[in-house]
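Biologist: Before we discuss anything in detail, could you put the model on the screen and take me through how its features are read?

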Amino acid sequence: MENTAKQTADDSGQTVALQRRIELKDIFQGDPVLWGVVFALSVIGILLVYSATGTLAFRRMEGDTEAYLVRHSLLVLVGFIAMWFCSRIDYRVYSRLSRFALLLSVPLLLVTWRYGVTLNDATRWITIPYFNQTFQPSDLAKFALIVNVASMLAKRQNALRTDTQRAFTPILIWCGVICGLIGLSDLSGAVLLFATCMLLMFIGRVPSRYLTSLLIVGLLAGMFAVAVGQRGETAKNRIQAFFNLDDMPFQAEQSHIAIATGGFIGKGPGQSTQRNYIPHPYSDFIFAILVEEYGFIGAAVVIGLYLTLLYRGMLAAANSELAFGGLLSAGLSFSLVVQALVNMGVAVGIVPITGLPLPLISMGGTSMLFTGVSIGVIISVSRGVRTIKPLEVRQARLRFQ
């Protein structure tokens, strides 16, 4: 009798555990590895932002050292909500929304350039009326262009083989316009976006002579941004400083000190000293704080997480039933991970200083929001097309290919 009751209790416990696993699977659909990577990077980001902003918060927030921690945690939560929401939407919907987002981005980028809010010596933000919060339109424009280029390439696969010039011209125009407008206030972001578009063209089987045309358009857009925009002189000075080893910029010097003193295992959580000297240790140079506190081991873990994100994104692209899904996942994954590698490269001194944040780790509202949106779309691609019948899948594949 006791054995029967014990067996019944065990079966009941296993049933409850199975139900909980099923409920979690229903809530977090898509690639579970991607969800795990995002969660791990977000936790690391919260710890680093808390450490990097402790002194700053004490000075600016009248001794409230948790002020920036609470703010960043809320932003991480917003990013998670955006990611979850976007992961539940059929990714083909973004193809229809991307053109509207691009059209909206053009006036927003122009308004930001002329009348935007200047923060950290860069005019990249506009203030949202009534909410008194800043918004960075370039993040919207980057996401919209990647989605739109993936959509246009997927829809024009046959045309690229028969009438390449006509099919390629709209893509060329949009890449030049958006990258040029972003470059007016954010040259490094424009260069990264242009490189992502070049990758999508290559994956989309665009002939090499047309890739050369895109490169020419990119150079013209870059010359326009340098001549007319706000960051031309800054970019020139940073490139000169990068090659002038006898006169290293202050922030780069302090970043190298932080990395050099981190060693193999680091000083320990919250034990950074260079956070008091590095400008913007919570954003542009947060990787230096990571290495100082967690050492080579912490850096290796973070790099491994980003490479895992890239691998799972490319795996979703390879397994996508439609050309649009593959191009979309590849473009967004490449953009996020290369941005992370560039941020790390700035901290260790192998690339010139830029203003690119470390995705999911650096503090920043718009960046966190659109990083969540981008990863949510990648997860949506990993889920596949599950809302239409097999015959409709075959018909959709033919339309996109």
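Modeller: What follows goes through one helix, the salt bridges and the nonpolar core. This is a predicted model, in which local features need pLDDT of at least 70 and side-chain atom pairs count only at pLDDT 80 or more, while totals for chains, interfaces and linings use all residues. Residues are numbered from 1 along each chain as its sequence is written, and side-chain values use heavy atoms, with hydrogens and water left out.

Biologist: Which residues of H10 are buried, and which are exposed on the other side?

Modeller: An α-helix has 3.6 residues a turn, so residues three or four places apart point the same way. Helices here are DSSP runs (H or I, at least four residues), numbered from the N terminus; buried means under 20% relative accessible area, exposed over 50%, and partly exposed in between, with a 1.4 Å probe and protein chains only. In H10, which covers residues 208-228, the buried residues are Tyr210, Leu211, Leu214, Gly218, Ala221 and Ala225. They cover an arc of only 100° around the axis, taken from the directions from the helix axis to the C-beta atoms, which puts them on the same side of H10. On the other side of H10, Arg209, Leu219, Leu220, Met223 and Ala227 are exposed.

Biologist: How many salt bridges does the structure hold, and what do they link?

Modeller: A salt bridge is a side-chain nitrogen of Lys or Arg within 4 Å of a carboxyl oxygen of Asp or Glu, and the structure holds 5 of them. One of these joins the side chains of Asp31 and Arg312, at 2.7 Å from N to O. Asp31 lies in the loop between helices H1 and H2 and Arg312 in helix H13, so this pair ties together parts that are 281 residues apart in sequence. Another joins Glu292 and Lys267, whose closest N and O atoms are 2.8 Å apart. Glu292 is buried, with a relative accessible area of 0%, whereas Lys267, at 33%, counts as partly exposed.

Biologist: Which residues in the largest nonpolar core touch the most other members?

Modeller: A nonpolar core is a set of buried Ala, Val, Leu, Ile, Met, Phe, Trp, Tyr and Cys residues joined through side-chain atoms within 4.5 Å. The largest one has 99 residues, of which Leu145, Val149, Met201, Tyr306, Leu328 and Ile361 touch the most other members. Leaving aside residues up to four places away in sequence, Ile361 is in contact (heavy atoms within 4.5 Å) with residues including Leu41, His72, Ile286 and Tyr306.

Technical notes:
Helix = DSSP H or I, 4+ residues; strand = E, 2+ residues; numbered from the N terminus. Expected span 1.5 Å × (residues − 1).
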